[in-house]
Amino acid sequence: MLTVSAPGKLMLMGEHAVVYGYPCIVTAVSERLSVSIEETQDEKITIDAPQVKDTRFVDQAIIEGCKAWNITHHGLRLTTHSNFSNCYGFGSSSAVTVATLYAIATLFKQSLDTKMLFDLAYQTVLAIQGVGSGFDIAAAIYGGTIVYTKGGKILDQLAWDLNNDVSLVVGYTGMKADTPTIVKEIAKKKEEQPERVNRIFEAIAKLVMQAKTAGDKKDWETVGKFMNFNQEYLRDLGVSTEKLEVMIHAANKAGAYGAKLSGAGGGDCMIALTLTEKKKIIEQAIISVGGIVVPVSIHTEGVRIEQ
Ligand code: PMV
């Protein structure tokens, strides 16, 4: 039996704009999804994936992998394990897709380069959900914190360590959001008001690159300021919610460097950047307005073989 695991992700900056070719910053989180795989002789593919919302990602990854590597087999059994909590939107679908493809390639001794793994995983995800920039797949493959653009291009791997002097607090609104639906709503808005929406995306892209430069110098106060500006643009796009705004405001009022929603918006999670010594105060502030603090560390390792 072979086991491969891949991490979930958290969008730090640049969501939505990344769908249209602009850069974003994404980090891999400590929540991981593992896929154990073995070959059987029963001519069946058995998938036991209780933690995966939609097992079509596993089915499709097997199809794509077997096709790409010309694999013939006499049956496969795949089982998943996870410390993911499905409701936080940490990207269990992309993690399971990457882990499944990596496991198939390893089991059948196929050579695997990261670009090919990305392309196969992206194809798989697009076949199921139709939209997406692939940032979550890149985080699952490369791990760490990366500046990413659509199509699998990694502009930079950042040495940001947000687990020591500075910390990232993650707050869940308690409301699930459907990312593909929101991405499609933004596409519609872009069609209706191309100039306005493009202007917002360009401004977001500029903030992403400025935040990268500030973060490389460990100027977290400035990174926080850019996160706040990014949030203003996301609000303008119409993807923030009252609950997100209340939680973001609470975090900033309690002394965070900056805070914003993370991901598609419409609910899900917000993030706040803070000096680690203030972390507890920020967490309390988020809880006091009805948010749920999600304990998670970031900047973790990408896909790997577990045994
Ligand atoms: O909702 P999440 O955490 O899956 O993030 C979605 C980010 C978008 O930029 C809105 C979509 C994408 O695929 O990049």
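Which polar side-chain atom lies 2.6 Å from an oxygen atom of the ligand? The legends below take up this point in a predicted model.

**View 1. Side-chain contact of Ser 133 with the ligand.** The atom in question belongs to Ser 133: a polar atom of its side chain is 2.6 Å away from a ligand oxygen atom. Ser 133 is also listed among the closest residues around the ligand, together with Lys 9, His 16, Thr 179 and Ala 264.

**View 2. Backbone contacts of His 16 and Ala 264 with the ligand.** At His 16, a backbone N or O atom is found 2.9 Å from an oxygen atom of the ligand. At Ala 264, a polar backbone atom and a ligand oxygen atom are 3.0 Å apart. Of the 390 Å² of accessible area that the ligand has on its own, 91% is covered by the protein.

**View 3. The shell around the ligand.** The ligand is surrounded by 13 residues. Five of the shell residues are nonpolar, six are polar and two are charged. The ligand takes up the space of the largest pocket.

**View 4. The ligand and the two domains.** The protein is split into domain 1 (2-159 + 299-305) and domain 2 (166-293). Each of these domains supplies at least three residues to the shell around the ligand. The domain centres, taken over C-alpha atoms, are 25 Å apart. Between the domains, 24 residues of domain 1 make contact with 37 residues of domain 2.

How values were computed
Residues numbered from 1 in each chain as written. Predicted model: local features only at pLDDT ≥ 70, side-chain atom pairs only at ≥ 80, totals over all residues. Heavy atoms only, no water. Near = heavy atom within 4 Å. Polar contact = N/O pair within 3.5 Å; in protein donor to acceptor, adjacent residues only side chain to side chain. Areas by Shrake-Rupley, 256 points an atom, 1.4 Å probe, with all protein chains shown as cover. 1 Å grid on protein atoms, 1.4 Å probe; cavity = no way out; pocket = protein on both sides within 12 Å on 5 of 7 lines; lining within 4 Å. Sits in = over half its atoms within 2 Å of the grid points. Nonpolar A, V, L, I, M, F, W, Y, C, P; charged D, E, K, R; others polar. Domains from an automatic or database assignment. Contact = heavy atoms within 4.5 Å.
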